[in-house]
Amino acid sequence: MVCANDPAHHTVEHNAIPARAPNGDAQAALDIHNNERKLHGVPALQWDADLAHKAQDWANHLAQIQQMVHSDGSQRPGQGENLFSGWTSAGPYKDPLKNGAVSSVVKRFMRQTHT
């Protein structure tokens, strides 16, 4: 994952160097995106470790300043940027990949861009 808050500990997880190929949560998120893209006739995304590293750096910056703001376009020439924030009510932590939250966000984004 690019950035994950652990509500129980109020800390930010950080992978200093992203893997050359996605695994775990990153692969699950990529699969969700690509499954939805396929339904819309859009080519699949491919993992880019350099892009993932830059996204992680920006996510860490956002966590540090505690704001959700876009980066300057000059910092990411030729690249788009989508930011999303979510929360749940009090209770045990629910994995957004397993509870359908990530899938729901991807579906909303695809509807927004393809309607």
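At 43% relative accessibility, Met 68 counts as partly exposed in this predicted model, and the residue lies in the loop that runs between helix 2 and helix 3. Leaving aside neighbours within four places in sequence, Met 68 is in contact with Leu 62, Leu 83, Phe 84 and Ser 85. One of these partners, Leu 83, is 15 residues away in sequence, and the C-alpha atoms of Met 68 and Leu 83 are 7.5 Å apart in space.

The chain that contains this loop comprises three helices and two strands, which follow one another along the sequence in the pattern β-β-α-α-α. Of the 115 residues in the protein chain, 20% are buried, and the chain exposes about 8500 Å², of which carbon and sulfur atoms supply 53%. Among contacts between residues at least 6 apart in sequence, 57% join residues that are at least 24 apart.

Confidence in the prediction varies along the chain. The mean pLDDT of the protein chain is 76, and 76% of the residues score at least 70. Helix 2 has the highest confidence, at 91, whereas strand 1 (residues 4-6) has the lowest, at a mean of 36. Over residues 1-19 the pLDDT is below 50, although this stretch has 32 contacts in the model beyond near neighbours in sequence. Where pLDDT is low, the predicted coordinates should not be read in detail.

Helix 1 covers residues 24-39, and its 16 residues should span 22 Å at 1.5 Å a residue; the end C-alpha atoms are 23 Å apart, which agrees with that expectation. The buried residues in helix 1 are Ala 26, Leu 30, Ile 32, Asn 34, Glu 36 and Arg 37, a set that includes the charged side chains of Glu 36 and Arg 37. Helix 1 is followed by Gly 41, which has a positive phi, near 70 degrees.

Helix 2, with 17 residues, reaches 24 Å from its first C-alpha to its last, close to the 24 Å expected at 1.5 Å a residue. At the start of helix 2, a side-chain oxygen of Asp 48 reaches to within 3.0 Å of the backbone nitrogen of Asp 50. The side chain of Asp 50 in turn meets that of Lys 54 in a salt bridge, with an N to O distance of 3.2 Å. Lys 54 and Asp 50 are four residues apart in helix 2 and are therefore separated by about one helical turn. An α-helix has 3.6 residues a turn, so residues three or four places apart point the same way. Both partners are partly exposed, Lys 54 at 43% relative accessibility and Asp 50 with a relative accessible area of 44%. The buried residues of helix 2 are Ala 49, Ala 52, Gln 56, Trp 58, Ala 59, Asn 60 and Leu 62; of these, Leu 62 is in contact with Met 68, and Trp 58 with Glu 81.

Just after helix 2, Gln 66 takes a positive phi of about 55 degrees, although the residue is not a glycine. Most residues other than glycine have a negative phi, and most peptide bonds are trans. Gln 66 is placed in the loop between helix 2 (49-65) and helix 3 (101-113), where the residue is exposed, with a relative accessible area of 72%.

The loop between helix 2 and helix 3 also holds Glu 81, which takes part in one of the two salt bridges of the structure. The partner of Glu 81 is Arg 76, with the closest N and O atoms 3.6 Å apart. Side chains of opposite charge can pair when their charged atoms come close. Arg 76 and Glu 81 are both buried, whereas Lys 54 and Asp 50 are partly exposed. The side chain of Glu 81 further makes a polar contact of 2.8 Å with the side chain of His 70, and a polar contact of 2.8 Å also joins Glu 81 to the side chain of Ser 71. Leaving aside neighbours within four places in sequence, the residues in contact with Glu 81 are Trp 58, His 70, Ser 71 and Arg 76. The contacts of Glu 81 thus include the salt-bridge partner Arg 76, the polar partners His 70 and Ser 71, and Trp 58, which is among the buried residues of helix 2.

Key:
Residues numbered from 1 in each chain as written. Predicted model: local features only at pLDDT ≥ 70, side-chain atom pairs only at ≥ 80, totals over all residues. Heavy atoms only, no water. Expected span 1.5 Å × (residues − 1). Buried < 20%, exposed > 50% of the residue type's maximum accessible area, 1.4 Å probe, protein only. Salt bridge = Lys/Arg side-chain N within 4 Å of Asp/Glu carboxyl O. pLDDT = per-residue confidence, 0-100. Contact = heavy atoms within 4.5 Å. Polar contact = N/O pair within 3.5 Å; in protein donor to acceptor, adjacent residues only side chain to side chain. Areas by Shrake-Rupley, 256 points an atom, 1.4 Å probe, with all protein chains shown as cover.
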